[in-house]
Amino acid sequence: MVDAERFRAILNQEKEQKQTLLDSLRGDIRSVSAARLDSNVDDEHDPEGSTIAFELSQAGALMEQSRAGLEQIEAALARIDDGTYGRCAVCGEAIPEGRLEARPWTPFCVRHASGRSKN
């Protein structure tokens, strides 16, 4: 039996870290965007333009990853609430505790983690 409350604490800590990261990334994007608006930057012809575009692209990608991770964490917390946490969403078997410690938000056992095996 999985200690759901221990994993709830771990997931809440992960959730807080993701939210902090998202807030920081939003601030970074706002800062870069504001600096870009105040300057006469032409991404295509200005040597600094590609750097700004790259920074915005990187921050946007990190935000998307963080949002997806936050959704997975929230889904895992919901599974704790409904009593299904620690059970594979495909086969219903118990997810090994070591796997949950490595990826506490996972809804899949090792066999179904890749999505290749359906039974």
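Which pattern does the protein follow, read along the sequence? The pattern is α-α-α-α. The legends below describe close-up views of a predicted model.

**View 1. Overall fold of the predicted model.** The secondary structure comes to four helices and zero strands. The protein has 119 residues, and 24% of them count as buried. Consider the contacts with a separation of 6 or more: 55% of them join residues 24 or more positions apart.

**View 2. The largest nonpolar core has twelve residues.** Its members are Phe7, Leu11, Ile73, Ala76, Leu77, Ile80, Tyr85, Cys88, Ile95, Leu100, Trp105 and Cys109. Two elements, helix H1 (4–38) and H2, each give two or more residues to this core. H2 supplies the largest share, with four residues. A second, separate core holds five residues, including Leu22, Leu25, Ala59 and Met63. In soluble globular proteins, nonpolar side chains tend to be buried together.

**View 3. Ile73 and its contacts.** Ile73 belongs to the largest nonpolar core. Which residues does Ile73 contact, leaving aside its neighbours within four places in sequence? They are Leu11, Glu14, Lys15, Lys18 and Trp105. Two of these partners, Leu11 and Trp105, are also members of the largest core.

**View 4. Ser66 in helix H2.** Helix H2 spans residues 49–82, and Ser66 sits within this helix. Is Ser66 buried or exposed? Ser66 counts as buried because its relative accessibility is 4%, under the 20% cut-off. Beyond its neighbours within four places in sequence, Ser66 touches Lys18, Leu21, Leu22 and Leu25. Of these partners, Leu22 and Leu25 are in the second core.

**View 5. Ala68 and Lys18.** Ala68 also lies in helix H2. Its relative accessible area is 35%, so Ala68 is partly exposed. Along the chain, Ala68 and Lys18 are 50 residues apart. Their C-alpha atoms are separated by 9.8 Å. Lys18 is also a contact of Ser66 and of Ile73.

**View 6. Cysteines without a disulfide.** How many disulfides does a search of the whole structure find? The search finds zero. For Cys91, the nearest cysteine sulfur is that of Cys88, 3.8 Å away. For Cys109, the nearest cysteine sulfur is also that of Cys88, at 3.7 Å. Neither pair is a disulfide, because the sulfur atoms would have to lie within 2.5 Å. Cys91 is partly exposed, with a relative accessible area of 27%. Cys109 counts as buried, at 8% relative accessibility. Cys88 and Cys109 both belong to the largest nonpolar core.

**View 7. Glu93 in the loop between H2 and helix H3.** Helix H3 covers residues 97–102, and Glu93 lies in the loop that precedes it in sequence, after H2. Leaving aside its neighbours within four places in sequence, Glu93 is in contact with Gly86, Arg87 and Cys88. Glu93 and Phe108 are 15 residues apart along the chain. Their C-alpha atoms are separated by 9.0 Å.

**View 8. The largest pocket.** About 240 Å³ of space lies in this pocket. Its lining consists of 14 residues. Which of them lie nearest the centre of the pocket? They are Met1, Val2, Tyr85, Gly86 and Arg87. The lining divides into eight nonpolar, three polar and three charged residues. Tyr85 is also a member of the largest nonpolar core. Gly86 and Arg87 are also contacts of Glu93.

How values were computed: Residues are numbered from 1 along each chain as its sequence is written. This is a predicted model: local features need pLDDT of at least 70, side-chain atom pairs count only at pLDDT 80 or more; totals for chains, interfaces and linings use all residues. Side-chain values use heavy atoms; hydrogens and water are left out. On a 1 Å grid over the protein atoms alone, a cavity is a set of points where a 1.4 Å probe fits but cannot get out, and a pocket is an open set with protein on both sides within 12 Å along at least five of seven lines; lining residues have an atom within 4 Å of a point. Grid points are joined across faces, edges and corners, and a volume is the space filled by probe spheres set on the points. Ala, Val, Leu, Ile, Met, Phe, Trp, Tyr, Cys and Pro count as nonpolar, Asp, Glu, Lys and Arg as charged, and the others, Gly among them, as polar. Buried means under 20% relative accessible area, exposed over 50%, partly exposed in between (1.4 Å probe, protein chains only). Contact means heavy atoms within 4.5 Å. A nonpolar core is a set of buried Ala, Val, Leu, Ile, Met, Phe, Trp, Tyr and Cys residues joined through side-chain atoms within 4.5 Å.
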